[in-house]
Amino acid sequence: LFLRKRHMILIFGALLAVYVFCRAILPLKLKWGWKLLLAALLAVAAFKFHLLHLFGGPMFFSPVLPEDVLLAAAWLFSVLFLFFFLLLAADVARALYLLVLFCLRRNRTERFRVIGNRVNVVLLVLSAVLATVGMIGGTRVPQVKEETIAVNRLPEGADGLKVAVLADLHADGITREDRIRKIVERTNALNPDIVVIAGDFVDGSVSEHGGDLRPLADLKARYGVFGVPGNHEYYSGYEEWMEFLPTLGIRMLLNEHAPAGGEAVVLAGVTDPVAGIMGKEEPDISKALKDAPEKGVRILVSHQPRLAREAAAHGVDLQVSGHTHGGMIAGVDRLVARFNEGFVSGLYTVGNMKLYVSNGAGIWNGFPIRIGVPSEIVLTRLRKE
């Protein structure tokens with residue numbers, strides 16, 4: 001799995017580098033020495049994941065390097081990423097203009113090339129501005145978003161139940177203890193009945209980042225704090241984390257359920273779909289709900305939303321998920337949705353079940369960008385449908 005992901009990232013980086021070089025650097029009237037220097041900077045940005053891994057230790061998704069280095073590398077890659085897509089958009093307009101010239105039987109002039117280079121500079125500056133704004137948005141403490149969700153089979157005693165949802169905390173070299181503590185303080189201020197953490201707690205080992213998650217021990221909820229693993233827990237030493245997280249007072253639901261509010265609420269959780277590839281127990285909704293009371297409202301916590309249709313078929317009333325980060329960038333969210341069964345952010349109806357996909361309370365250090373898709377601490381209030 002790691003090799004496949006690393007190879008995919010390597011191929012994508014090569015695509016970025018080759019396209020941007022041919023499209024923006026090669027047409028410049030510069031000596032080849034300057035072009036090669038720009039190409040080297042381009043390569044550093046495009047292959048930043050592999051370069052950080054080279055100097056940052058054995059965990060590919062969590063290099064152990066100073067925060068400033070991680071932020072600078074992430075900013076460079078983000079500028080390149082955004083510049084790549086802006087160039088693609090510009091090339092669509094460029095192709096249409098060339099088609100008009102062809103139909104009018106006119107040739108391109110030197111002015112066309114000069115204007116093209118100037119447009120590239122503007123797009124590069126715009127990419128840098130967007131990357132800066134995006135990183136500010138990606139690394140800020142999340143705001144609270146309140147959502148009222150009407151569900152079936154909600155007993156009278158559970159009407160108005162408050163469930164706080166945290167997802168994708170991603171404690172790492174950028175998200176440290178102070179940020180996790182602020183998230184905990186904002187969550188506790190909501191006075192929730194239940195807190196669920198929908199996976200991707202961390203990137204890195206317990207020895208490196210266990211301390212960053214210590215504030216989670218201060219989470220307070222009337223019926224308890226519950227969690228499920230995300231795919232990044234499997235990348236970060238699954239067994240160690242499944243032993244450590246319960247020491248913070250978090251009940252990890254690994255294909256199992258627990259009462260949360262007497263028999264009025266059945267809270268179930270499953271492992272992540274990546275578990276099978278890693279030789280661990282795959283998500284099993286049937287096992288998670290086995291022997292669960294029939295009367296209570298059934299809530300399933302699953303890191304990835306792609307299990308929603310299966311969950312609806314098992315009689316789940318509400319599924320809570322994360323994983324997508326809401327798509328991170330407005331517009332790009334549509335692409336992210338295609339890789340997650342069409343689910344990316346917010347509230348969905350799937351059969352007789354409701355699905356809420358959180359934008360996440362944190363961000364991954366590999367691409368810590370949010371533009372138009374803010375992070376969130378979600379407070380859901382359950383109402384009788």
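**Briefing on a predicted 385-residue model**

Cysteine 22 has a relative accessible area of 45%, so this residue is partly exposed. The model is a predicted one. The protein contains twelve helices and twelve strands. Its radius of gyration is 23 Å, close to the 21 Å that the globule rule gives for 385 residues, so the protein is as compact as a globular protein of that length.

**Overall dimensions and packing**

- Taken along the principal axes, the box filled by the C-alpha atoms is roughly 75 × 50 × 40 Å.
- Of the 385 residues in the protein, 51% are buried.
- Contacts between residues at least 6 apart in sequence were sorted by separation, and 75% of them join residues at least 24 apart.

**Cysteines**

- There are zero disulfides in the structure.
- Cysteine 103 counts as exposed because its relative accessibility is 57%, and the cut-off for exposed is over 50%.
- Cysteine 22, at 45%, falls between the 20% and 50% limits and is therefore classed as partly exposed.

**The six-stranded sheet**

- An open sheet is built from six strands, ordered β6-β7-β8-β9-β11-β10, with mixed pairing.
- At its edges are β6 (256–259) and β10 (346–350), each of which pairs on one side only.
- From one strand to the next, the twist averages 20°.
- Strands of a sheet pair through backbone hydrogen bonds, in either the parallel or the antiparallel sense.
- Strand β7 (residues 265–269) runs parallel to β8 and is joined to it by five bridges. Within this pairing, valine 266 has arginine 298 of β8 as its bridge partner.
- β8 and β9 also run parallel, joined by three bridges. Here valine 301 is partnered with valine 320 in β9.
- On the next step of the order, β9 (residues 318–321) and β11 (residues 353–357) pair in the parallel sense over four bridges. Valine 320 has tyrosine 356 of β11 as its bridge partner.

**Strand β8**

- Strand β8 covers residues 297–301, and five of its five residues are buried.
- Val297, Ile299 and Val301 point one way from the strand, while Arg298 and Leu300 point the other way.
- Arg298 is buried along with the others, and this arginine is the bridge partner of valine 266.

**Nonpolar cores**

- The largest nonpolar core has 65 residues, and those touching the most other members are Val20, Ile197, Phe201, Leu213, Leu216, Leu245 and Ile250.
- Helix α4 (residues 67–103) gives the most to this core, contributing ten residues.
- A second core, separate from the largest, has 27 residues, including Ala158, Val165, Leu253 and Leu382.
- Leaving aside residues up to four places away in sequence, leucine 213 touches Ala171, Ile180, Phe201, Val202, Trp241, Leu245 and Leu248.

**Leucine 28**

- Leucine 28 sits in the loop between α1 (2–25) and α2 (32–46).
- With a relative accessible area of 25%, leucine 28 is above the 20% limit for buried and is therefore partly exposed.
- Apart from residues up to four places away in sequence, leucine 28 touches Lys35, Leu38 and Asn117.
- Arginine 113 is 85 residues from leucine 28 in sequence, yet their C-alpha atoms are 9.1 Å apart.

Notes:
Residues are numbered from 1 along each chain as its sequence is written. This is a predicted model: local features need pLDDT of at least 70, side-chain atom pairs count only at pLDDT 80 or more; totals for chains, interfaces and linings use all residues. Side-chain values use heavy atoms; hydrogens and water are left out. Helices (H or I, at least four residues) and strands (E, at least two) are DSSP runs, numbered from the N terminus. Buried means under 20% relative accessible area, exposed over 50%, partly exposed in between (1.4 Å probe, protein chains only). Contact means heavy atoms within 4.5 Å. A disulfide is a pair of cysteine sulfur atoms within 2.5 Å. Two strands pair if DSSP finds at least two bridges between them. Axes are lines fitted to C-alpha atoms, for helices over the stretch in contact, and angles run from 0 to 180 degrees between N-to-C directions. A nonpolar core is a set of buried Ala, Val, Leu, Ile, Met, Phe, Trp, Tyr and Cys residues joined through side-chain atoms within 4.5 Å. The radius of gyration is taken over C-alpha atoms; the globule rule is 2.2 Å times the number of residues to the power 0.38.
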